[in-house]
Amino acid sequence: MAVQFQRKHKEDRPVLAICYDFDKTLSPDDMQAQGYIQSVGYDVDAFWAESSAMARANGMDSNLAYMYKMVKEAEGRFLFNRETLAEYGSKVALFPGVEGWFERIRAYGREQGVIVEHYILSSGLKEIIEGTRIARAGAFEKIYASCFFYDENGIAQWPAQAVNYTSKTQFLFRIEKGVLDVNDPGVNDFFPPDQKRVPFRNMVYIGDSDTDIPCMKLVNTYGGHSIGVYDPATNDRAKVHRMLCDDRVRYIAPADYSEGSELDRLLRAIIAKTAAYERLEEKHVKDYAEAKNT
């Protein structure tokens, strides 16, 4: 019996998909370093150093290495389950303005005749992200991130999904076609250009570092918008300046999501541009069809 996956289809209005990294994009620090690493008695730098060394020594994906280490270090200390990870998520700090950002940007999109959707594409843990205040408030259309398989007792046993900087790009194609379920093979189906739900020109990718470059480059190549953000508290722009000079991002801004901020104004301009472009594209298609039929 064939599995029926729920898919999204082309709308009567343009859809703008805003895709975010999480750590140091929406939050000032790695999510694991905001409670979990300390709870297993580790210095943050030491935890990441050991995880990276394990990955190198074993030819291992770095995300699988940190996930393995998280499970092992929790043994004998606490139950490593969804509830525990969600509790860590509830304590994750967010950049200024993040909590009001998602609905405010959706509302501005509605004013412009554009459906705005927010997506997470992260190498961090889905279970922690799901525990954050913003996720619990329904900020995201979909969260694509690393996650665990749990046994019958609800205890994490094995990675169910490991998302690294290159595998993130697959989710952009899922968003493009509305084939959002990670197990839906329909992402490989051919879609005529006019049936793609979110063409790449209507995608925004917001990230902070080299691990976001494959997604940024892909979005750039097909006419979308990539934004490099930096911590407004430190004002360290070295990474985003390098990405801008290397043509990895089109824009840079402080990770301040408050109303009226530079990032807020930039997204409003992108939404307005999307609305104008799609109106022009609609007229072109209509005029072309009429000309063909005369």
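**View 1. Asp23, a buried acidic residue without a salt bridge.** In this predicted model, Asp23 is buried and yet forms no salt bridge, the nearest side chain of opposite charge being that of Lys24, which is 7.7 Å away. Asp23 belongs to the loop that runs between strand 1 (15-20) and helix 1 (36-39).

**View 2. The surroundings of Asp23.** The side chain of Asp23 reaches the backbone nitrogen of Met31 at 3.0 Å. When residues up to four places away in sequence are left aside, Asp23 touches Asp29, Asp30, Met31, Gln32 and Asp208.

**View 3. Cys19 and Cys147, two cysteines in a chain for which the count of disulfides is zero.** The closest cysteine sulfur to that of Cys19 belongs to Cys215 and is 7.7 Å away, which is too far for a bond, since a disulfide requires the two sulfur atoms to be within 2.5 Å. Cys147 is likewise in no disulfide, and the nearest cysteine sulfur, again that of Cys215, is 17 Å away. Cys19 counts as buried at 0% relative accessibility, and Cys147, with a relative accessible area of 15%, is buried as well.

**View 4. The chain as the setting for these close-ups.** The chain has eleven helices and seven strands. Its radius of gyration is 20 Å, close to the 19 Å that the globule rule gives for 294 residues, so the chain is as compact as a globular protein of that length. Along the principal axes, the C-alpha atoms fill a box of roughly 75 × 55 × 35 Å, and buried residues make up 48% of the 294 residues. Of the contacts with a separation of 6 or more, 64% are between residues 24 or more positions apart.

Definitions and conventions. Residues numbered from 1 in each chain as written. Predicted model: local features only at pLDDT ≥ 70, side-chain atom pairs only at ≥ 80, totals over all residues. Heavy atoms only, no water. Helix = DSSP H or I, 4+ residues; strand = E, 2+ residues; numbered from the N terminus. Buried < 20%, exposed > 50% of the residue type's maximum accessible area, 1.4 Å probe, protein only. Lys, Arg positive; Asp, Glu negative; His and termini not counted. Salt bridge = Lys/Arg side-chain N within 4 Å of Asp/Glu carboxyl O. Polar contact = N/O pair within 3.5 Å; in protein donor to acceptor, adjacent residues only side chain to side chain. Contact = heavy atoms within 4.5 Å. Rg over C-alpha atoms; globule rule 2.2 N^0.38 Å.
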